[in-house]
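Okay, everyone, thanks for coming. Let me put the sequence and the model up on the screen, and then we'll walk through a couple of things together.

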Amino acid sequence: MTPALTAGPFYKPDAPLRHELSGDAPDGERITIAGYVLDGNCRPIARGLVEIWHADETGAYDTRGYRLRGHQMTDDRGRWWFSTIIPALYPGRTRHYHFRVRRPGAPVLTTQLFFPNEPQNDGDRLYSPSLLLDLRDTEDGKFGRFDFVV
């Protein structure tokens, strides 16, 4: 099962339904992050909720609107994806994304995903190596993968 972590102080309910977030921060370094939502037996979860929010290219969160925030439902094969940017560092935290994931009829999992090989990882009290993105460079840019098990 995917470990839970705090939502932090910047969660806002009612994020818009959308995959494309990178337009919110055109100066940020683009990345696609994707994966599956699976049950404890590694079966895909259709119509599972996946919600994301994160800092921008300066390390700031939007607390007034829904910039770099969104949600979606997994497809019939349990797949999810977001086109977004790589968040900047900010004091006290390593680079990360916040997520809420829920399979239909189950409690919400709140967690965070981290970047591999970040020097700040070991100094972040919330960092967990079990929550690392599998990060790769592709012909289309950076790609990060993580499969949530809920």
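So, to get going: in which sense do S2 and S3 pair, and over how many bridges? The answer is antiparallel, over five bridges. Keep in mind as we go that this is a predicted model. If you want one spot to look at in that pairing, find Ile 52, which stands opposite Gly 70 in S3.

Now zoom out to the sheet. Four strands make up an open sheet, and reading across you get S3-S2-S5-S6, with antiparallel pairing. Which strands sit at the edges? Those are S3 and S6, the latter covering 109-114, and each of them pairs on one side only. From one strand to the next, the twist averages 20°. As a quick reminder for anyone who lives at the bench, strands in a sheet pair through backbone hydrogen bonds, and that can be parallel or antiparallel.

Right, on to the charges. The count for this model comes to 13 salt bridges, and I'll take you through a few of them.

Start with the loop between S2 and S3. Asp 56 forms a salt bridge with Arg 67, and their closest N and O atoms are 2.9 Å apart. Both residues are in that loop, eleven residues apart, and the pair links distant parts of the chain. Is Asp 56 buried or exposed? Asp 56 has a relative accessible area of 7%, so it goes down as buried, because the cut-off for buried is under 20%. Arg 67, at 27%, is partly exposed.

Arg 67 has another partner too. Its side chain meets that of Glu 57 in a salt bridge, 3.6 Å from N to O. Glu 57 is also in the loop between S2 and S3, ten residues from Arg 67. With 29% relative accessibility, Glu 57 counts as partly exposed. Put those together, and which residues end up in one network? Asp 56, Glu 57 and Arg 67 do, joined by salt bridges that share partners.

One more pair before I stop: Arg 43 and Asp 39. Their side chains meet in a salt bridge at 2.8 Å, N to O. Here Asp 39 is buried, at 6% relative accessibility, whereas Arg 43 is partly exposed, at 48%.

So, two pictures to take away: an open sheet of four strands, and a loop where Asp 56, Glu 57 and Arg 67 share one salt-bridge network. That's me done, happy to chat.

How values were computed
Residues numbered from 1 in each chain as written. Predicted model: local features only at pLDDT ≥ 70, side-chain atom pairs only at ≥ 80, totals over all residues. Heavy atoms only, no water. Salt bridge = Lys/Arg side-chain N within 4 Å of Asp/Glu carboxyl O. Buried < 20%, exposed > 50% of the residue type's maximum accessible area, 1.4 Å probe, protein only. Pairing = 2+ DSSP bridges. Axes fitted to C-alpha atoms, helices over the stretch in contact; angles between N-to-C directions.
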